[in-house]
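Subject: Handing over the structure

Hi,

Here is the structure I promised to pass on. Have a look at it first, and then read on for what turned up.

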Amino acid sequence: QPTPAPVSVCQNDDDWQFFNIDIITCNWIRNKESRRDKYCVKPNVAEACPQSCGECCEDHPGFRYRDNRDGKQVDITCNWISKSNKRKNEYCDYWRNEYM
């Protein structure tokens, strides 16, 4: 019987807080480059927040956010972005420049 392929885990720990300070979560760190620079150098942060700290680049199947497209609110997902190079350039650059 074949051995199953290893499962890649690249997810932030949703329950993690920096020294139990409830505002400092992986999502809070992710939303600003200066926060990533300050916190992600700490090994415990990088381990708890691999997505936020850029330790891995893996789509999260449940990721989505609302955006206004042509005057209409739509859900944006990784799958939708991946289907177009134009979308990848638009949204991935948006992330790299601290806005997403």
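First, a term: a disulfide here is a pair of cysteine sulfur atoms within 2.5 Å. A search of the whole structure finds two of them.

Some housekeeping before the details. This is a predicted model, in which local features need pLDDT of at least 70, side-chain atom pairs count only at pLDDT 80 or more, and totals for chains, interfaces and linings use all residues. Residues are numbered from 1 along each chain as its sequence is written, and side-chain values use heavy atoms, with hydrogens and water left out.

The overall layout

The chain has five helices and two strands; helices (H or I, at least four residues) and strands (E, at least two) are DSSP runs, numbered from the N terminus. Reading from the N terminus, the order is α-α-α-β-β-α-α. Of the 100 residues, 26% count as buried. For that label, buried means under 20% relative accessible area, exposed means over 50%, and partly exposed is in between (1.4 Å probe, protein chains only).

The chain exposes about 7600 Å², and carbon and sulfur atoms supply 47% of that area. Accessible areas come from the Shrake-Rupley method with a 1.4 Å probe, and for residues only the protein chains shown count as cover. As for contacts (heavy atoms within 4.5 Å), take those in the chain with a separation of 6 or more: residues 24 or more positions apart account for 35% of them.

The two disulfides

One disulfide joins Cys26 to Cys49, with an S to S distance of 2.0 Å. The torsion about their S-S bond is about -75°, so this disulfide is left-handed. Cys26 sits in helix α1 (residues 26–30) and Cys49 in the loop between α3 (43–48) and β1 (64–69), so the pair ties together parts that are 23 residues apart in sequence. Both Cys26 and Cys49 are buried.

The other disulfide joins Cys40 to Cys53, with S to S at 2.0 Å. The link of Cys40 and Cys53 is left-handed, with -80° about the S-S bond. This pair links distant parts of the chain, 13 residues apart: Cys40 is in the loop between α2 (33–39) and α3, while Cys53 is in the loop between α3 and β1. Why does Cys40 count as buried? Because its relative accessibility is 12%. Cys53 counts as buried because its value is 15%.

The core

A nonpolar core is a set of buried Ala, Val, Leu, Ile, Met, Phe, Trp, Tyr and Cys residues joined through side-chain atoms within 4.5 Å. The largest one has eleven residues, and the cysteines of both disulfides are in it: Cys26, Cys40, Cys49 and Cys53, alongside Trp16, Phe18, Ile24, Ile29, Tyr39, Val45 and Ala48. The elements that give two or more residues to this core are α1 and α3.

Phe18 is a good residue to click on. Leaving aside neighbours within four places in sequence, Phe18 is in contact with Ile24, Tyr39, Lys42 and Val45. Phe18 and Asn44 are 26 residues apart in sequence and 8.9 Å apart in space, C-alpha to C-alpha. Asn44 is found in helix α3 and is partly exposed, with a relative accessible area of 42%.

Glu47 is also in helix α3, but Glu47 is exposed, at 69% relative accessible area. From Glu47 to Cys10 there are 37 residues in sequence and 10.0 Å in space, C-alpha to C-alpha.

The stretch before α1

Which residues form a nonpolar patch on the surface? Phe19, Ile21 and Ile23 do, with about 330 Å² of accessible area together. Patches are made of residues with over 30% relative accessible area and no salt bridge, where like charges are joined within 9 Å and nonpolar side chains (Val, Leu, Ile, Met, Phe, Trp, Tyr) within 5 Å. A salt bridge is a side-chain nitrogen of Lys or Arg within 4 Å of a carboxyl oxygen of Asp or Glu.

Ile23 lies in the segment before α1 and is exposed, with a relative accessible area of 51%. Phe19 has its place in that segment too, and counts as exposed at 67%.

There is a backbone detail here as well. Most residues other than glycine have a negative phi. Phi of Phe19, however, is near 50°, a positive value. Asn20 also has a positive phi, near 60°. Asn20 lies in the segment before α1 and counts as exposed at 69% relative accessibility.

Over to you!
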